[in-house]
Amino acid sequence: MLQIRLHGRGGQGAVTTAEMLSLSAFLEGHFAQAFPSFGSERTGAPVVAYARIDDQEVRTHEPIQEPDVVLVQDRTLLSVVDVFSGLSPKGYAIINTAEAPEQVVPELCKKLPKGHVLTVPATDFAIKAMKMNKPGAPMLASLAAATGVLKLESVQKSFQTRYPGKVGDANAEAAALSYNYLKEQMKEGK
Amino acid sequence: MLKKSFAVTLDPATSLENHTGSWRTNRPVNVFKLPPCNKQCPAGENIQQWLYYAAEGDYETAWRLLTEENPLPACMGRVCYHTCEGKCNRGFLDESVGINSVERFLGDYALEHKLAFKRPTRDTGKKVLIIGAGPAGLSAAYHLRRFGHTVHIVEQAKEAGGMMRYGIPVYRLPRNVLDAEIKRITDMGVTIETGRKIEDIEGEKKKGGYDAVILGLGATISSNVDIPRGDTNHILNALKVLGQIETTGDIKVARRVAVYGGGNTAVDVARSLRRFGAEPIIVYRRNRDKMRASAEEMDAALAEGVQVKWLSTITGAEKDKLKIEKMALDANGYPQPTGEFEELPADAVVLALGQNVDTAAIDKVQGLKFEKDALVVDETTLETTVKGIFAAGDCATRDRTVTHAIGMGKNAARAVNAYLKGSVYKKMPKHEDAKFEDMHPWYYSDAPKTVRPELEVARRTSTFDEVQHGLTEENAIFEARRCLSCGNCMECDNCYGVCPDNAIVKLGPGKGYEFNYDYCKGCGVCAQECPCGHIKMVPEKI
Amino acid sequence: MLEKIKFYQTGSNTVGNRLLNPSMRAIQASVDRPNGLTSGHRACQGCGEALGARYAIDAAMRATGGQIMVVNATGCLEVFSTPYPESAWRLPWMHSLFGNAAAVGSGLAAAAQIRAQKAGETSVPRVIAQGGDGGTTDIGMGCLSGMFDRNDDVLYICYDNQAYMNTGVQRSSATPPSARTATTMPIGEKPGADWGKGKDVPLIAMAHGIPYVATATVADLRDLEAKVTKAMSFHGARYIQILVPCPLGWGLASNVTVTAARLAIETGFYPIFEAEYGKVTSVRKIRQKQPVTNFLKIQRRYAHLLKKNADPNTVARLQAMCDQNIRDFGLLEGTDPVAVPAAIQAYERAETI
Amino acid sequence: MSTEQIEGSLGVAKAVALCHPGVVCAYPISPQTHIVENLGKFVKGGALKNCDYLNVESEFAAISVSIGSSAGGLRTYTATASQGLLFMTEGIYNASGLGLPIVMTVASRAIGGPINIWNDHSDSLSQRDSGWLQLFCESNQDALDTHIMAFKIAETVGLPVMVCMDGFVLTHAFERLELPTQEQVDAFLPEYEPREYLTPKDPVSLGSMVGPEAFTEVRFLQQRKMAKAVHVIESVTEEYRKITGHHSGGLLDCYKCDDADIKLIIMGSTVGTAKDEVDRMRKAGIKVGIISLKAFRPFPYEALRKAIGDTKLVVCVERAFSFGGRGIICPEVKRAMEGTSCEVKTAIAGLGGRAIFGTTINGIVKAALDGKFKDEMTWFDIDSRVLNSYTKDGEGVTFPEGPLSDSQLKASVN
C-alpha cells in the first residue's frame with residue numbers, strides 16, 4: 001500500500017488533487033482511497049488531504065501518519081507546518097517550487113535517498129496552461145514522473161473525467177508540462 | 001384498503017359515536033312568539049305569516065292566509081288605520097314595515113287575478129241571520145259560510161257595505177273595489193237582502209227559522225250638540241254629508257265650512273269637501289297630540305289645504321261667522337274653557353262629533369241590554385244578553401273602526417259556530433310577545449338608499465290618494481321583505497350554520513329545523529344568533 | 001367579492017336567507033354541506049375554533065370538489081377532534097407536531113403532486129395546514145415562513161383565539177395588549193398582556209409576497225367562505241387568519257362566540273381584509289361602528305379594565321388601537337386603506353421603550 | 001453493475017436515486033451536505049424523475065416535510081447530522097410513532113457545545129430510543145448498499161430507518177464503489193405501496209391523540225415491529241446479497257472471530273481500520289476478532305450472543321457514552337451475554353473527530369489482554385497533558401498518561 005499525504009492551502013484544490021490521485025489509480029485498476037483532513041478551514045488556510053493506493057480493498061480509514069509520499073502544493077507551508085512528519089525514510093517528497101530541492105529542504109535531502117526529494121514549478125505550469133493557481137494536475141504528474149506509481153495518461157484522464165471539456169484539457173496540458181519537465185530533470189540527474 | 005395502524009389512525013367521522021348531548025345543562029327549544037303587529041291587529045290578522053309568503057312572491061298563498069282572518073283585504077288595504085305599523089319592531093331599527101300597503105297590494109292582486117274564496121265543502125244545515133251588511137256583518141257572514149252554515153244578511157240601506165260605503169269617501173275606497181270584495185262573499189253562497197229594515201228581530205228569527213242571529217247594526221246616527229245659532233247658518237251632520245256624496249256624487253255646502261270634531265270622520269268630511277272646492281277648517285277642542293284621527297289622514301288633510309283651529313269650541317254660530325272659545329288642557333289633558341273668545345269666519349258647520357247606535361229595533365227585544373251606546377255582549381263570545389243573539393261592530397263597541405268591526409264579525413262567527421254545535425267559543429291562548437330586545441337586529445340589512453325614497457312615496461300613495469297608483473309588485477315585495485319575522489322562524493339558516501356541533505338538522509324549505517339533542521352541548525349560540533328570537537334556552541331537568 | 005344583493009330582509013348577513021337564490025346562500029346553509037368536522041367532537045360549548053374550522057374546511061372542500069387533505073398542528077382543534085378512538089374529520093387529516101404543520105403540509109402537497117404525476121391523474125388533492133395562533137405565530141413561525149418562502153401549494157389557516165388555550169390560556173404573540181392570560185395576569189402596575197408586543201402575522205405573510213393573504217372571523221360566514229374559496233383559486237402559499245373567540249380563554253358566555261367576533265369587526269379591533277401578492281386588495285367595511293368597550297365588556301379577560309378603579313387610559317389606548325386600524329385599513333365606508341398598514345402596536349413600541 | 005471511484009456521499013446519493021424517492025428534503029449541515037447536493041442536482045437535471053427536492057429552512061422543517069410526504073404516500077429521503085438531528089428530534093419520534101418508512105442518513109458527528117463538526121456517534125446514539133431503526137455502516141460500499149436495503153426494510157416493517165455513516169471519514173472519502181444496476185434495484189425494491197397514506201379516496205385521520213387506555217398497547221405494537229425488524233433485516237440482506245453479490249448490511253458481521261480470545265465490538269468506519277490492525281496482530285500471534293455491529297436498533301441480542309459465543313473477553317469500542325452513566329453499546333452487549341461469564345468492557349475513543357488509528361486498536365486489545373480493564377469503562381487515546389493543563393492549576397489534580405479508567409476519573413473528584 002502506498003500512502004500519500006498532500007499539503008496545500010484552502011482554495012488550491014488539495015482535496016481535489018487527492019481525489020484525482022485516487023481516481024488515476026482507480027483508472028489503472030488499483031484500489032484507491034482519498035480523503036481530506038476534515039476541517040473547517042477557509043480559503044488560504046493550510047489543508048491536508050490523504051490518498052492510499054493498493055492492490056486490494058483499502059479498509060482503513062485512519063489518517064496517514066507515516067506517508068510514503070508527501071506532496072507540498074505550496075512551499076510557503078514549509079515554515080508553518082511539519083509537512084514531512086512521519087515520512088518514510090524511503091519515501092518521496094515533491095514540492096511545488098522552481099528552486100532546487102537542496103535549496104529548499106536541504107535537511108530532508110540528506111535524510112531521503114537520492115532523487116526522492118523533488119521540486120517542480122507546478123504553479124507556473126498551472127498558470128501557463130490554465131491561467132489559475134491550481135497546481136494539482138502538475139503535482140500529480142510529477143508524482144507519476146518521480147515514482148511511476150501512476151501513468152501521465154491516467155492523471156490526465158482523471159482530470160478530463162472530472163472536468164470534461166476545456167478545464168480538463170487544460171489540466172491535462174499542465175500535467176504534461178510538469179511530467180515532461182521532471183522527466184527532463186531526472187534525465188539530467190539533477 | 002389501507003393497513004391502518006392501531007389507535008394512531010382513525011376512521012372518518014367516528015366521533016359520531018360520542019354523544020356530546022350529555023354535556024348539556026341548557027337546551028335550546030323553538031318558541032313561537034306573538035309578533036306585535038299580529039297582536040295589535042283588531043282583525044286578528046296573522047300579518048307576519050302572510051308577509052312571509054308575500055316576501056317570497058307567493059301572493060296567492062299570502063292572500064289566502066290573509067283572508068283566513070279578513071275577507072276584505074283590498075278594502076282594508078285602503079281604509080284600515082294600520083295601528084299594527086305603529087307597533088312594528090322594525091320601527092326601532094329604521095321605519096316600520098308598510099304592512100297596510102302590502103295588504104292592499106295583495107287585495108288588488110286577488111281582484112286582478114280573480115281569486116275566489118273556496119265554497120264550503122259541506123253544508124251544516126244551520127241558518128244564521130245577520131242584520132247589517134257593514135264590515136262586521138260581512139266578516140261574520142264570510143266566516144260562518146266557511147264553516148258551512150247558511151247565511152242571510154238583511155241590510156236597511158240600498159246597498160251593502162255599511163260605513164265602508166256610506167261613511168268613507170270614495171277617494172279612500174273606490175266602490176268598485178268594495179263591490180268586488182262583497183261579491184266574492186256572496187259568491188260563496190251568502191245572500192244579502194238590501195233596503196229592508198228589520199223592526200222585529202225575534203220575529204224575523206223565528207219566521208225565517210234561523211238558528212242564531214248576529215246584530216251588525218252599526219252606529220248610524222250622528223251625535224249632535226246644541227250650538228246657539230242664527231237662522232241662516234247651515235249646521236249639518238257628518239254622516240249626512242258623506243251619505244249624500246255617496247248617493248248623489250255631489251254636495252254643495254258653502255265655501256268656508258267649519259268641521260267640528262277631531263276624529264277620522266271629521267277629517268273625511270273636511271277632505272271630501274276640499275275636493276268639492278270648499279275651504280274646510282277643522283275646529284277641535286284639544287291639540288294635535290290628543291286628536292283621535294289617524295295621523296297619516298291628518299297629514300294628508302293638511303297637505304291638501306285643510307286648515308285646523310286647535311283648542312277651540314264653537315259656542316255660537318251666525319250667518320258668516322262662528323264664536324269660538326279658546327280652550328286650555330288641564331293636567332290630565334282635558335280641555336277646559338278659558339273664557340277667551342274670538343270669531344271665526346265660516347258659512348257652515350259640519351258636526352263630526354261621533355255616531356250613535358239606532359236602538360229602535362233593539363229596544364223591542366226583551367232582555368237585550370244596551371248600555372253606554374253599545375249592546376252589552378260577552379267579551380269572548382260576543383253573545384248579547386239574549387241567547388242566540390250575538391252582536392258585532394259599532395253597535396257592540398266604542399272602538400268603531402272598520403278593522404275592529406271585521407275582527408268582531410269573525411269572533412262572532414266563531415262563537416256562533418260553537419253555539420250551533422252546542423259548545424261555547426273559547427279563544428286560543430296567545431303566545432308570549434315577541435319583543436325587540438329578544439331579537440338580533442344586526443342581521444337585518446339596511447334597505448338600499450336608492451329604493452327607500454321610492455318606498456316612501458309608495459307607502460304614502462297606498463294610503464292617501466286613490467288617483468295615485470298602489471304599490472308596484474317590486475315595492476310590495478320589498479316592503480314584505482322588511483319584515484323582521486319577530487319571534488318566529490324565517491328560515492335564515494343561522495342556527496343551522498352557527499352551531500359548533502352541527503347539532504341542528506335542517507328539514508328543508510318550509511319545514512324549519514330540529515335540534516339534534518344527541519350532540520347539542522347547549523352552548524346557546526343558536527339562540528343568541530337567531531335574528532328573530534325564535535330560540536330559547538331552557539334548563540335541562542335534573 | 002360578494003355580489004351586491006338587493007334588499008332581502010337579512011341580505012347576506014345570515015347563513016342562508018331563504019329569499020336568496022340557493023347559489024347565493026352560504027355553503028353552510030346547504031343540507032348537504034360537507035361537515036368536514038362533524039358532530040361528536042369534544043370542543044367546549046360554543047367553541048369558535050370548531051365553528052371556524054368547519055366553515056373553512058367545508059368551503060375548501062366545496063371549492064375543490066372534496067379534494068382536500070388537512071395537516072393540523074397540535075392544539076385544541078387537534079385534541080378535541082381526534083382523541084382515540086374517534087375522529088370528527090370526514091376528510092384525510094393528519095397531525096404531526098405543534099410547530100411543523102406548514103412543513104408537513106409542504107411535504108404532503110409535494111406527495112400529492114408527485115403521486116398524481118406518476119399515476120397520470122390531472123386532479124391533484126390540495127393541502128390545508130392549520131393550527132391555532134400559538135402553533136402559527138410562535139412555535140410554527142419558522143416552518144410557516146419557510147413554506148411561504150418556497151411558495152409551496154399549501155393554504156395555511158390560523159385559527160386565532162389569541163392565546164394558548166389548549167394548555168390553559170397562556171399568552172402568545174397573538175395575545176392583544178392588556179388581555180388577561182395565565183401568564184399575563186391582571187395584577188401589578190401594568191395588568192394584563194404588555195403593550196408594544198405581539199406579531200402581525202398577516203402583514204408578515206404579505207411581506208413574503210405570497211399570492212393570497214386574508215383575515216376573517218366566524219361572525220361573517222359569507223366573507224370567510226368567499227375568502228377560502230378565493231384562496232383555493234390560487235396555487236402557491238396562501239394564508240388566512242380567522243378570529244375564533246374562545247369562551248374559556250376570553251371569559252365569554254358560551255353563547256356569545258359569534259357575537260364577540262362580530263364586535264371585534266365592528267369596533268375595528270380586528271381588521272378584516274385580503275391581500276394579493278403583498279398588496280391589500282379589499283377590506284371588509286364596518287357595518288355598524290361601535291366603541292371598543294362594547295367588545296371588551298363581554299369578556300372577562302378584560303374585566304380588569306372596566307372595574308371602578310381601573311385606569312381609563314388603557315381603554316382609551318385600546319380605542320386608539322382600533323382607530324388606527326380603522327384609518328390604516330380604511331374600515332369605514334368611503335375610506336381607503338393606506339398603502340402599507342402599520343403592524344399591530346407599531347406605535348406602541350415607540351412609546352414603551 | 002458499475003464500478004466508480006467516487007466520494008461516499010455521491011455513492012449514497014446515487015444509491016438513493018436508484019430507489020426513486022418521491023421527495024428529498026434536507027437542510028445544509030456538515031458533513032451530510034454532499035449527499036443531498038448531489039440528489040438536488042439529479043432532480044434539477046432531470047436524472048431523477050418524479051421527485052421533488054425541497055430546500056427547507058431547518059432540519060425541523062426537513063423532517064416535517066418528510067413526515068408530510070411520507071404520510072402522503074411517497075418514498076421519502078432526508079439526511080442530517082449532529083445538531084441537525086437534535087433539531088429534528090421532535091419529528092424523529094413523531095415519524096416513528098406514525099409508522100412512516102422514511103429513510104434518513106445520519107452523517108454521524110459530535111454534538112456541541114463545544115461545537116465540533118467532526119465524527120463520533122453521539123448524535124445518532126442520542127436517538128437510541130426514538131423508535132427508528134439504526135443501521136451503521138463500516139464503509140462507503142456498505143453505506144451505499146445499506147441505503148438501498150433501508151428502504152425495503154423500512155417499508156416492510158413500517159418504521160423509519162436511520163442509516164448512520166461516519167461523517168467526513170466516510171462521507172468525504174473517495175473510494176471504489178460498486179453500484180447495482182437500476183434493473184437490480186427495481187427487482188429488489190418494488191414501487192412503493194404505502195401501508196396507509198392520506199388520500200381523499202380513503203380518508204383517515206392519522207396521528208390521533210391516544211390516552212392511557214391504549215398508549216401502552218400502541219407502544220407494545222411498535223416494539224413488536226422492532227422485533228419483526230430483526231428478521232426483516234436478515235432476510236432483506238440475504239436477498240440483496242444474492243442479487244448484487246455485495247457483502248453489505250446484516251445485523252452484524254464477524255471478522256476473524258472463530259478462534260478469537262478477545263473480540264472487539266465496533267460500529268462504523270473504525271471497523272476497517274481495526275481489520276487491518278487485527279491482521280497485523282494476528283501475524284504477531286494475538287488472536288483477536290471483530291464484530292462489526294451493523295444494527296444498533298433493533299439490537300440483535302441473539303445474533304450477538306451467538307457471535308460472541310464462548311469468548312470470555314469483549315471490548316466495545318465506543319465513540320459516544322452516556323453522561324453520568326457509561327458506555328452505550330456495552331450494557332446492550334451485557335444483556336446479550338447475561339448468564340455467561342463473558343466480560344464486557346467499554347473503550348471510549350474517537351470522540352469529536354479524534355482519529356482512531358490502528359495503533360489505538362492495538363493499544364485497546366493489548367490493554368485488555370493485559371488485564372488493564374479494571375473498570376467497565378476506560379478512556380483511550382486521552383491526552384493527560386491537555387487535562388492537566390486545566391486541572392492541575394485549578395484543582396491540583398493531575399492525571400497519569402492515558403488510558404484513564406473510570407475509577408481514576410472518580411478518584412480525581414474525591
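**Exercise 1. Place D:Lys256 in its chain and decide whether it is buried, partly exposed or exposed.**

Step 1: look in the loop of chain D between β10 (252–255) and β11 (262–266), and there's D:Lys256. Strands here are DSSP runs of E with at least two residues, helices are runs of H or I with at least four, and both are numbered from the N terminus.

Step 2: check the backbone. D:Lys256 isn't a glycine, yet its phi is positive, about 50°.

Step 3: count neighbours. D:Lys256 has 16 other C-beta atoms within 10 Å, so it is partly exposed (buried takes 20 or more, exposed 12 or fewer, partly exposed is in between, with C-beta atoms placed from the backbone).

A quick note on the model: it is predicted, with local features needing pLDDT of at least 70 and side-chain atom pairs pLDDT 80 or more, while totals for chains, interfaces and linings use all residues. Residues are numbered from 1 along each chain as its sequence is written, and chains are lettered from A and ligands numbered from 1 in the order written.

**Exercise 2. Do the same for B:Ala13.**

Step 1: B:Ala13 sits in the chain B loop between β1 (9–10) and β2 (26–30).

Step 2: its phi is positive too, about 55°, and B:Ala13 is no glycine.

Step 3: with 21 other C-beta atoms within 10 Å, B:Ala13 is buried.

**Exercise 3. Find the cis peptide bonds that lead into D:Pro31 and D:Pro114.**

Step 1: D:Ser30 to D:Pro31 is cis, omega near 0°. D:Pro31 lies in the loop between β2 (23–26) and α2 (33–45) of chain D.

Step 2: D:Gly113 to D:Pro114 is cis, omega near -5°. D:Pro114 lies in the loop between β5 (103–108) and α5 (122–126) of chain D.
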